[in-house]
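Visitor: I'm new to this structure and would like a close look at one part of it. Could you take me to the place where the ligand sits and tell me what is around it?

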Amino acid sequence: MPSILLGAAVDYNYLNSDSTYRETLKSNFSLLVPENDMKFAALEPAQGAFDFASGDALVNFAHSNGMWVRGHNLVWGEHLPDWLTQGKFNHDQVIAILKNHIETVVRHYRGNVISWDVVNEPFNGAHLRDTFWLRTIGPDYIAMAFTWAHEADPNAKLYLNDFGDDEIGPKFNAIYALATSLRQQHVPIDGIGMEMHIGFGAPANPHAVKVNMSRLKSAGLEVEVTELDVQIHNLPGSLQDKLNEQAAIYGEIATACRNAGNCDAFITWGLTDRHTWLTAILGHPDEPLLFDQNYHPKPAYFAVKAALYGSSTATVTATP
Ligand code: XIL
């Protein structure tokens with residue numbers, strides 16, 4: 001495997017309907033992450049009845065084109081089906097449902113998915129987020145999920161993924177404390193995902209990213225940049241100024257990952273500015289990704305390639 005994989009979150013609907021999307025993806029990325037197609041409600045729309053169709057299609061596309069696949073995600077407070085959240089299940093029943101979900105999904109993709117976001121966004125600031133899982137199972141749901149995922153595929157790398165852990169402060173400290181404590185209890189966690197949706201709050205802080213990656217390394221934990229996108233509407237200057245500043249931010253984060261020694265994947269949350277979740281979230285268009293609306297590479301693309309691979313033309317080879 002190349003030292004750092006360049007990944008993109010991919011939606012089956014676009015992959016299926018747009019040949020330029022497929023071409024751009026396979027020519028430029030070495031890792032595919034399902035943006036929505038492996039979330040709980042997508043995979044288990046009715047209790048015990050699994051639908052792997054679009055997840056499998058993404059895996060098949062990736063493997064036919066020399067790309068690896070990262071699974072996203074097993075346990076999250078969102079994208080849960082109504083049968084689960086409205087089902088009035090008790091504590092033990094929810095544990096059994098979660099165990100069955102994780103075992104079925106991770107076994108299904110065993111050997112074909114190199115890593116999983118096992119627990120997604122479990123923190124709200126320095127405290128565990130008030131989610132369906134915390135309310136019904138309690139804080140042990142996290143250790144349970146990692147343990148079951150590892151049993152189902154001992155070779156997959158297992159991550160806790162969250163946002164705000166690219167800042168120095170209480171949230172990162174709490175994530176770090178939980179991860180190191182899980183390790184001490186021999187719970188199989190490999191690393192921490194840093195989402196990095198840049199533009200919602202504080203400006204990008206590459207120094208903090210570097211410091212946090214280094215702290216994780218000292219604790220023997222890996223790290224991945226899992227959902228990077230950089231909004232430009234709030235950056236100063238002309239469009240060209242904004243795109244240059246965006247490229248600088250992308251480049252600095254990619255450099256932090258490359259130099260960290262424990263960062264093996266750099267993933268953007270989408271592929272083209274034509275399709276980004278931010279349009280719905282922000283309520284207006286932005287241009288947060290590496291390829292523009294017409295699939296042309298942006299300054300940020302060249303900055304990332306240069307930072308990760310040492311030259312703007314370097315390509316990545318991968319043989320899953
Ligand atoms: C987002 C997808 O991009 C959207 O298409 C979907 O409607 C909602 O979920 N953090 C995560 C991702 O971990 O799963 C989210 O993805 C974005 C925020």
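**Around the ligand**

Guide: Happy to. Let's start with Asn36: an N or O atom in the side chain of Asn36 is 2.9 Å from an oxygen atom of the ligand. Keep in mind that this is a predicted model, so every distance here is computed from predicted positions.

Asn36 has company. Glu227 also reaches a ligand oxygen, with a polar side-chain atom 2.7 Å away from that oxygen. Glu195 pairs up with another kind of atom: one of the polar atoms in the Glu195 side chain lies 3.5 Å from a ligand nitrogen. As for how much of the ligand gets covered, the protein buries 79% of the 410 Å² that the ligand exposes when taken alone.

Now step back a little. The ligand has 13 residues around it, and the ones that come nearest are Glu35, Lys39, His72, Glu227 and Trp269. You've met Glu227 already, through its polar atom 2.7 Å from a ligand oxygen. As for the setting, the ligand sits in the largest pocket.

While you're here, have a look at Ile249 as well. You'll find Ile249 in helix α11, which covers residues 239–260. Is Ile249 buried or exposed? Ile249 counts as buried, because its relative accessibility is 7% and the cut-off for buried is under 20%. Leaving aside residues up to four places away in sequence, Ile249 touches Ala204 and Val230. For a sense of scale, try finding Leu98: Leu98 and Ile249 are 151 residues apart in sequence, and their C-alpha atoms are 38 Å apart in space.

How values were computed: Residues are numbered from 1 along each chain as its sequence is written. This is a predicted model: local features need pLDDT of at least 70, side-chain atom pairs count only at pLDDT 80 or more; totals for chains, interfaces and linings use all residues. Side-chain values use heavy atoms; hydrogens and water are left out. Helices (H or I, at least four residues) and strands (E, at least two) are DSSP runs, numbered from the N terminus. Buried means under 20% relative accessible area, exposed over 50%, partly exposed in between (1.4 Å probe, protein chains only). Contact means heavy atoms within 4.5 Å. A residue is near a molecule or strand if one of its heavy atoms lies within 4 Å of it. A polar contact is a pair of N or O atoms within 3.5 Å; within protein, one must be able to donate a hydrogen and the other to accept it, and residues adjacent in sequence count only if both atoms are side-chain atoms. Accessible areas come from the Shrake-Rupley method with a 1.4 Å probe; for residues, only the protein chains shown count as cover. On a 1 Å grid over the protein atoms alone, a cavity is a set of points where a 1.4 Å probe fits but cannot get out, and a pocket is an open set with protein on both sides within 12 Å along at least five of seven lines; lining residues have an atom within 4 Å of a point. A molecule sits in a cavity or pocket if more than half of its atoms lie within 2 Å of its grid points.
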